[in-house]
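Hi there,

I'm handing over the structure we talked about, and my notes follow right below it. Could you have it open in your viewer while you read?

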Amino acid sequence: MKGMDRRTFLALPVVSVVAPTVQAMASSVLFAPESSAAEQIDFTSNVPAAGTFPAKWICGSASCMDNEDPPLQVHWYNEHTVYMRQNKAYSYEAPFLHLYFGNDRILMLDEGFTTLRSDWPLRDVVDACINEWCAKHGRRPEEMELLMAFSHLHADHYAALNQFVDRPNTRYMGFTHEEMVGFWGMTNYPEERVTLDLGGRKILIWGSPGHVMSEFAYYDTYTQILYTGDMFYRGRCYISFWDHWFASMKRLIAFVDTHPVTHVIGCHVEISSKGEDYPYGITYQPDEAPVQLTVAELRHAYEVAKTVKEPGIYFTGSVFLCNQTRGTTTIDKNPYAYS
């Protein structure tokens with residue numbers, strides 16, 4: 001898409017360009033046979049696996065119609081981990097999406113905020129990443145099961161899920177609380193912690209409500225990255241249910257007390273490198289802060305949260321804790337006192 005701006009793109013005929021794929025398996029397959037012929041990758045030694053984030057993510061442009069960035073920025077954190085970001089010209093939310101590769105299956109977390117494949121080809125980009133990884137590691141793409149999940153049930157985290165409904169050997173999370181919890185086999189949400197085995201690479205999952213009531217935290221044992229969705233991220237943490245959110249923070253602190261964590265990652269960035277809040281709905285963030293946060297920043301936010309006694313917006317230096325203030329932002333006149 002580089003070299004073609006959005007104005008030209010939208011003027012093209014509406015067609016869906018599908019990347020070439022290997023002959024598909026029956027769509028009813030739930031678990032693919034393990035890839036016994038391929039060399040098994042060791043995801044347990046030499047952890048945390050090293051990785052890098054880009055110096056700068058695509059972050060929109062002054063004119064969305066003339067934006068020339070790709071629909072998604074694809075970044076290989078390391079050879080088995082992919083982070084993607086949706087172009088802000090396609091959605092001001094600009095969510096981050098994750099791909100974790102194991103020996104037998106692949107986990108995708110969050111699916112972005114644009115439904116039409118002809119407008120925003122997430123399916124094609126993901127299939128291209130899977131084909132690339134399989135070619136390097138002696139796997140056949142049709143034998144790798146793809147699990148489609150999301151951090152919580154807001155449209156900017158699942159809108160493109162429909163692009164995958166006819167994809168072979170793919171399972172996806174449902175759109176009710178019961179289906180979401182059942183997808184991970186949980187029986188005691190939110191306290192229960194379950195383990196997803198991708199084939200040597202394990203993901204720890206537990207409930208993390210507060211932003212909404214159906215939400216999850218994910219921890220990758222290979223990179224030791226903790227993903228907290230919209231419950232905690234570098235931006236405006238909209239907290240709808242303070243008591244539940246604070247309990248979720250306690251669980252996060254208890255987790256980092258007992259597990260090594262390299263980075264804490266949320267789904268958005270809404271703050272500049274100088275700690276300034278970008279206006280809600282903006283499609284250009286030229287000087288945004290990095291998506292990754294430190295454990296120290298998480299701990300400090302928890303200490304700030306302990307002092308919160310009433311609705312309002314409280315800045316921790318890294319995130320804005322928006323306690324029951326969904327209708328306002330830091331640039332609006334707010335009846336509550338800011339810290």
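Let me start with a charge over a ring: Lys136 lies over the face of Trp76, with 5.9 Å to the ring centre. Please keep in mind throughout that this is a predicted model. A second case involves Arg193, whose charged end sits over the ring of Trp206 at 5.4 Å from the centre.

Trp76 leads nicely into the sheet, where Trp76 stands opposite Val82 in β2. The strands β1 and β2 pair in the antiparallel sense, over 6 bridges. They belong to an open sheet of 6 strands with mixed pairing, in the order β1-β2-β3-β4-β5-β6. The edges are taken by β1 and β6 (170–172), each with a single partner strand, so one side of each has no neighbour in the sheet. On average, and with direction ignored, neighbouring strands here are turned by 15 degrees against each other.

Helix α2 packs on this sheet, touching β1, β2, β3, β4 and β5, and its direction makes about 25 degrees with that of β1. The helix covers residues 122–137, 16 in total, and reaches 23 Å from first C-alpha to last, close to the expected 22 Å. Its buried residues include Leu122, Val126, Ile130, Trp133 and His137, and charged ones are on the list too, among them Arg123, Asp124 and Asp127. It is the buried residues of α2 that pack against the five strands β1 (72–78), β2 (81–86), β3 (96–101), β4 (105–109) and β5 (145–149). Right after α2 comes Gly138, with a positive phi near 65 degrees.

Now to the aromatic rings. The count comes to 23 aromatic pairs. In one of them, the rings of Phe216 and Tyr218 have centres 6.3 Å apart and planes at 55 degrees, so this pair is tilted. Phe216 has 0% relative accessibility and counts as buried, and Tyr218 is buried as well, at 2%. Another pair, Tyr219 with Phe255, is edge-to-face, with 4.8 Å from centre to centre and 70 degrees between the planes. This pair links distant parts of the chain: Tyr219 is in strand β9 (residues 216–220) and Phe255 in helix α4 (residues 242–258), 36 residues apart. Both of these rings belong to buried residues, with relative accessibility at 3% for Tyr219 and 0% for Phe255.

Finally, Phe216 and Tyr218 turn up again in one aromatic cluster, together with Phe183, Trp184, Tyr189 and Tyr227.

Happy to talk it through whenever suits you.

Best wishes

How values were computed: Residues are numbered from 1 along each chain as its sequence is written. This is a predicted model: local features need pLDDT of at least 70, side-chain atom pairs count only at pLDDT 80 or more; totals for chains, interfaces and linings use all residues. Side-chain values use heavy atoms; hydrogens and water are left out. Rings of Phe, Tyr and Trp (its six-membered ring) pair if their centres lie within 6.5 Å; planes under 30 degrees apart count as stacked, over 60 as edge-to-face and the rest as tilted. Buried means under 20% relative accessible area, exposed over 50%, partly exposed in between (1.4 Å probe, protein chains only). Helices (H or I, at least four residues) and strands (E, at least two) are DSSP runs, numbered from the N terminus. A charge sits over a ring if NZ of Lys or CZ of Arg is within 6 Å of the ring centre and within 35 degrees of the ring normal. The expected span of a helix is 1.5 Å times one less than its number of residues. Contact means heavy atoms within 4.5 Å. Two strands pair if DSSP finds at least two bridges between them. Axes are lines fitted to C-alpha atoms, for helices over the stretch in contact, and angles run from 0 to 180 degrees between N-to-C directions.
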